[in-house]
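Here are my notes on the model, as numbered points. Please read them with the structure open.

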Amino acid sequence: YLMQHAPGCDIARATGVELEMELAYAGLQGLCAPFLDHLERLPGPQRDALGTAFGLRDGDAPDRFIVGLAALSLLSDIAEAGPLVCIVDDAQWLDAASAQTMTFVARRLGAESIGLVFAVREPSDERQFDGLPELVVGGLDDRAALELLGTVVAGPLDERVRDRFVAETGGNPLALLELPRRRRTLPELAGGFGLSDSVALSGRIEQSFTERLAPLPPPTRLLLLIAAAEPVGDPVLVWRAAAKLGIGPDAAAPAAGVGLVDFGAQVRFGHPLVRSAVKAAATPEERQSVHRALAEVTDAEADPDRRAWHLAHATAGLDEEVAAELERSAGRARARGGLAAGAAFHERAVELTPDPERRAQRALLAAKAKHRAGANQAALRLLAVAQVGPLDELDQARAQLLHAQVTFAMTRGRDAPPLLLEVARRLEPLDPTLARGTYLEAFAAALSADHLVHGGDAREVAAAVLAADWEPSTSACGRLLYGLARLSQDGYVAGAPALKLALRAFRDEPLSEEDELRWLWLGARVARALADDEAWDELTARHLDVARRTGAFSSLPVALTDRVLVELFFGRFGVAMSLAAESDAVVDATGGDLTLRTSIVLANWRGRDAEALALIETHRQEVVRRGEGLWLVANEWGSAIRYNALGRYEAALAAAERAAEDARGLGRRSCCWRR
């Protein structure tokens, strides 16, 4: 409809595809593909970032902020010649990097002659489009629904069946048009037609498409399967794969004739559920043969990742060669699209690996990648695969460490500290460097559990660290570990000098990406406890940047929450509110178990007493159950701020005293250093 009512405008289109949700920037590339000849007109950093994202040049994973600016610049350049309308269908199936970039562009359109329209199918839990102008398309009212139903049902129809049709479809036009086609005679309709409550509407509609596929000739159905498995809709690839399977051009006519698909400049299905129905109706052997043909016609040099993905789906059993290719592709996918893209390739490589030892090692690697990408349940499943395989002593300890890390990421409570302390002791003779890092994580977990910790508290961790038989470390992480140990055992006078040296090292020394993700947040909290505002600002900003840039969804909620507090202290309330909304969306999107804090923090700082109290009470029982003591301390501190601002000074003093009484270590200092 929009295309038909946009005369004089250039049109750019993209469609989200479920099969491509793991391939970073696939949707954005589809939108920008017609304009890539304008890429050289962009500023150098933007040109390089977008070129790397699209696989046109080698490079590290591009900064997503620069990719967003590049996409905005590219589309603005096109719009200089005339108005541009960008249409994104099925945006709920966009890969995360494309959705984030397109939303970034949409929110920054001002004087440019650009319209950007997303279509999202309901129901959807996606929230990345929140805040954009929205038009909700609901069902038809009863009168219009009955009128539409009358156009597809010939002859009289029992009124009870008719009314149930309308009620069960909720006025969904596609359901009203498609479902009656499944019942070709009036006795079937009048004889008590009903839709099972246990089947989703989309499933019933998909079944109607499946029934329409059945009469088609086998070559036509196989051609449709090729088109369904080729997510971009590239007609050249589709027809090349069809030729591999002996399918000629005449196979398209029967499907096009009944409106299921359009084989034009881009292969388009009449509805996304046609694609699902086509795949569901095919046998496993047919799906494998189609993916094999697509792999054979996909250029191994230009698009090695998609070729590897097709090869993986073409493989029925175990295949080391394909698994190795997936493992190589994982590195490229991660460089282009972040942690989640690489983790998907690692996971599939595990499924295809025949050798038990290598399978266990790959499962451990995939589990770590899934954890860093924020998919902790998937990480636990892969970790179970690794632990049943043959692992040497060091890999067994690494598996134990990953289990403890996932526990900490999912709970932030009392369960993680003793697990981390145990594995740190185990690692001391095996890998002292890894042991130091694990002790540091044990400190972080103990500080998070705070006064609710049961075993593995900060003093116990400190005693183990100071008793360890290893050479002193001058690295940023080593200094931080030593400083925390001295602070926990001997107090601030003893620990502060080492912690100050650690902060200087964090700011001056180059850190690996992994170390930045693991430790910048803890360094930032040390900076806050030492009242070093400059370091606090810098380290929280760096942590947020690396978490966003790499797609580390396990770290991103923590980075966002910490940064919200910095922005509030600096008086940038609008920025803080935006970051808080992003934090909540990330937790929801990743299925995180963390209790949301940013909404409570904002309520405290805005003086919304009833709202803050209601939010705290809603989550308090769950927090106590998990043992996340620092959450309770932070809320008492936040309540002190709220009461003080409202002029309720006695209540503010009481809340501050409760926070100081409960808090331990850094928690105590963080609660008390601001006046």
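1. In which helix is the place of Ala529? Ala529 belongs to helix α26, which covers residues 513-529. Keep in mind that this is a predicted model. Ala529 has a relative accessible area of 0%, so the residue is buried. Its C-alpha atom is separated by 9.8 Å from that of Ala496, and the two residues are 33 apart along the chain.

2. Glu516 also lies in helix α26. Is this residue buried or exposed? Its relative accessibility is 14%. Buried means under 20%, so Glu516 counts as buried. Leaving aside neighbours within four places in sequence, Glu516 is in contact with Leu511, Arg542, His543, Val546 and Arg549. Take Arg542 from that list. Glu516 and Arg542 are 26 residues apart along the chain, and their C-alpha atoms are separated by 8.1 Å.

3. Now the chain as a whole. The protein chain has 34 helices and five strands. It has 675 residues, of which 50% count as buried. Consider the contacts between residues at least 6 apart in sequence: 68% of them join residues at least 24 apart.

4. Next, the sheet. What is the order of its strands? Three strands form an open sheet, ordered β1-β2-β3, with parallel pairing. β1 (10-15) and β3 (114-118) are the edge strands, and each pairs on one side only. On average, neighbouring strands of this sheet are turned by 15° against each other, direction ignored.

5. The bridges can be checked one by one. β1 and β2 (residues 84-89) run parallel and are joined by six bridges. Arg13 has Ile87 of β2 as its bridge partner. For Thr15 the bridge partner in β2 is Asp89. On the other side, β2 and β3 run parallel and are joined by five bridges. Here Cys86 stands opposite Leu116 of β3, and Val88 stands opposite Phe118 of β3.

6. How covered are these strands? β2 is mostly covered, with five of its six residues buried. In β3 the side chains alternate. Ile114, Leu116 and Phe118 point to one face and are buried. Gly115 and Val117 point to the other face and are not buried. In a regular strand, side chains alternate between the two faces of the sheet.

7. Which helices go with the sheet? Helix α3 (residues 64-79) lies across β2 and β3 and runs at about 135° to β2. Helix α4 (residues 96-107) packs on the sheet and touches β1, β2 and β3. The direction of α4 makes about 135° with that of β3.

8. Helix α5 (residues 142-150) has two sides worth a look. Its buried residues are Ala144, Ala145 and Leu149. Why do these residues line one face of the helix? Seen down the axis of α5, they fall within an arc of 135°, so they line one face. An α-helix has 3.6 residues a turn, so residues three or four places apart point the same way. The face of α5 turned away from the buried side carries Arg143 and Glu147, which are exposed.

9. A helix pair comes next. Helix α15 (residues 304-314) packs with helix α17 (residues 339-352) at an angle of about 35°. Their axes are 11 Å apart. The crossing of α15 past α17 is left-handed. α15 makes the contact through Asp305, Trp309, Ala312 and His313. From α17 come Ala344, Phe345, Arg348 and Leu352. By class, this contact has five nonpolar, one polar and two charged residues.

10. Last, Asn604. This residue lies in helix α30 (residues 598-605). Why does Asn604 count as buried? Its relative accessibility is 3%, so Asn604 falls under the 20% limit for buried. Neighbours within four places in sequence aside, Asn604 is in contact with Ala612, Gly638, Ser639 and Arg642.

Notes:
Residues are numbered from 1 along each chain as its sequence is written. This is a predicted model: local features need pLDDT of at least 70, side-chain atom pairs count only at pLDDT 80 or more; totals for chains, interfaces and linings use all residues. Side-chain values use heavy atoms; hydrogens and water are left out. Helices (H or I, at least four residues) and strands (E, at least two) are DSSP runs, numbered from the N terminus. Buried means under 20% relative accessible area, exposed over 50%, partly exposed in between (1.4 Å probe, protein chains only). Contact means heavy atoms within 4.5 Å. The arc is that of the directions from the helix axis to the C-beta atoms. Two strands pair if DSSP finds at least two bridges between them. Axes are lines fitted to C-alpha atoms, for helices over the stretch in contact, and angles run from 0 to 180 degrees between N-to-C directions. A crossing is left-handed if the near helix is turned anticlockwise from the far one by less than a right angle, and right-handed if clockwise. Ala, Val, Leu, Ile, Met, Phe, Trp, Tyr, Cys and Pro count as nonpolar, Asp, Glu, Lys and Arg as charged, and the others, Gly among them, as polar.
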